[in-house]
Amino acid sequence: MTEGSPAALERTRRRLTWSLVAGVGLGSTGYIAAVTVATLVAKDLTGGTGLAGLPGAVIVIGSATASTLLSAFMARRGRRPGLALGYGIGSLGALVAMAALVMRSFPLFLLGTFLMGSANAANQLSRYTAADMVPIARRASAIGLVVWGATIGAVLGPNLVTIAGGTAEGLGLPLLAGAYGLLVLFVGAAGLLTLVTLRPDPYEVAADPEPRAPRREGALVPARELLRRPTIAVSIIALIVGQVVMTLLMTMAPLHMTAHGHGVETVGLVLSAHTFGMFALAPLSGRLTDRLGSPTTIMLGMATLATSAIIAAAAPPDAEALLVFALFLLGYGWNLGFVAGSAMLAEGLDLRERTRLEGVADALIWSSAAAASLTSGIVVAWAGFATLGLLALALIAVPTVLLLGRRRA
């Protein structure tokens with residue numbers, strides 16, 4: 001623990017938290033810009049749409065892999081070097097992707113895409129880093145503030161793609177390489193910012209640095225044993241279900257709309273409403289969680305997701321306003337569950353044990369999202385978009401039942 005007065009310690013924690021918010025803002029700008037053009041790059045390199053969804057799945061798998069590895073690294077070396085390493089690997093991946101575009105190599109592009117997932121992993125693990133530095137009663141608010149930082153990237157990233165493309169062409173590079181240049185620039189800046197400003201390491205000013213969790217022969221409890229604890233299991237299930245439901249509906253919503261005559265402007269409006277729901281209201285989700293408790297807020301999130309699924313499934317294809325509202329609710333329902341589930345995950349664990357567990361949890365979340373992304377198209381082709389809404393309702397029932405049972409117990 002860093003020495004000093006309580007007021008000085010609080011100022012240090014606040015400064016480090018805002019450093020994390022800035023890092024997430026920079027990192028998400030580059031990451032979202034690259035994700036925006038991934039399907040276009042795949043179509044360009046392969047000459048068709050059959051593999052267009054593969055880069056999206058690969059980058060999520062990269063995020064899952066990096067989450068586990070980076071959290072294990074952080075548990076040994078600290079948060080600052082772990083986050084900086086994640087951003088550094090992500091920037092390297094973008095350079096590989098740019099080289100793949102120049103060389104017209106789809107396998108090399110997939111390798112770069114996989115490495116870029118590390119940038120997303122670092123962004124996501126930043127929320128837990130902020131939570132380390134505050135008492136339990138304010139942990140969700142800290143998580144919500146860092147998640148809110150991604151709003152910057154959600155707004156700037158897609159809007160910078162055209163400018164970056166023009167710059168790339170001016171340098172003699174392919175048009176779409178510009179988006180990956182943005183990732184190198186912004187994610188690299190996030191890594192540099194982390195190295196320079198995230199001092200002292202957040203571990204050194206953690207609110208509860210002393211081990212409190214049970215030990216076995218002096219060692220940390222294995223992650224598989226932690227996963228069997230009811231509170232941890234329920235929080236991870238809620239996080240996974242929220243991510244899967246959002247991915248199922250969001251992946252197919254643009255195709256569903258364009259198939260029924262909606263233009264690009266309408267699709268853009270729906271995506272903007274969804275993104276606003278995902279990130280912009282995260283501080284409110286944090287305050288609600290701290291006030292109402294994680295289980296109640298998770299159930300509120302599940303109810304919001306269920307409402308979104310019902311509206312999306314039942315709305316007539318030409319009901320533009322209903323679709324905008326449904327996708328906003330989809331984003332905010334996810335946000336409520338994401339912030340509350342992340343806060344609930346950290347309850348009652350030693351600092352380094354929860355660091356390891358957080359990486360495992362995020363790996364499960366992103367792996368499930370990749371599976372949902374690949375599955376959604378099959379479901380729509382076989383049974384239609386409305387069936388995705390019904391499938392979402394069935395999934396939402398699982399954590400709801402578990403939370404109600406936990407409350408009765």
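The protein exposes about 16,500 Å² of surface, and carbon and sulfur atoms supply 68% of that area. These values come from a predicted model. Of the 409 residues of the protein, 55% count as buried.

**Overall architecture**

The protein contains 15 helices and zero strands. Its radius of gyration is 21 Å, close to the 22 Å that the globule rule gives for 409 residues, so the protein is as compact as a globular protein of that length. The C-alpha trace spans about 60 × 55 × 35 Å along its principal axes. Among contacts with a separation of 6 or more, 84% are accounted for by residues 24 or more positions apart. As for charge, the protein carries 28 positive and 20 negative charges, and the mean positions of the two sets are 5 Å apart.

**Salt bridges**

Side chains of opposite charge can pair when their charged atoms come close. The structure holds six salt bridges, including the three in the table.

| Salt bridge | Closest N to O distance |
|---|---|
| Asp 44 with Arg 104 | 2.7 Å |
| Arg 127 with Asp 362 | 3.0 Å |
| Arg 354 with Asp 132 | 3.2 Å |

The salt bridge between Asp 44 and Arg 104 links distant parts of the chain: Asp 44 belongs to helix α1 (residues 6–46), whereas Arg 104 sits in the loop between α3 (79–103) and α4 (106–132), 60 residues apart. Asp 44 is partly exposed, at 38% relative accessibility. Arg 104 is likewise partly exposed, with a relative accessible area of 46%.

The salt bridge between Arg 127 and Asp 362 joins helix α4, which holds Arg 127, to helix α14 (residues 351–383), which holds Asp 362, so the pair ties together parts that are 235 residues apart in sequence. Arg 127 counts as buried because its relative accessibility is 1%, under the 20% cut-off. Asp 362 is buried as well, with a relative accessible area of 0%.

Arg 354 and Asp 132 also meet through their side chains in a salt bridge. This pair again links distant parts of the chain, with Arg 354 in helix α14 and Asp 132 in helix α4, 222 residues apart. Arg 354 is buried, at a relative accessible area of 1%, and Asp 132 is buried at 0% relative accessibility. Both residues take part in a network of salt bridges that also includes Arg 79 and Glu 358.

Conventions: Residues are numbered from 1 along each chain as its sequence is written. This is a predicted model: local features need pLDDT of at least 70, side-chain atom pairs count only at pLDDT 80 or more; totals for chains, interfaces and linings use all residues. Side-chain values use heavy atoms; hydrogens and water are left out. A salt bridge is a side-chain nitrogen of Lys or Arg within 4 Å of a carboxyl oxygen of Asp or Glu. Helices (H or I, at least four residues) and strands (E, at least two) are DSSP runs, numbered from the N terminus. Buried means under 20% relative accessible area, exposed over 50%, partly exposed in between (1.4 Å probe, protein chains only). The radius of gyration is taken over C-alpha atoms; the globule rule is 2.2 Å times the number of residues to the power 0.38. Contact means heavy atoms within 4.5 Å. Accessible areas come from the Shrake-Rupley method with a 1.4 Å probe; for residues, only the protein chains shown count as cover. Lys and Arg count as positive and Asp and Glu as negative; His and the chain ends are not counted. The place of a charge is taken as NZ of Lys, CZ of Arg, CG of Asp or CD of Glu.
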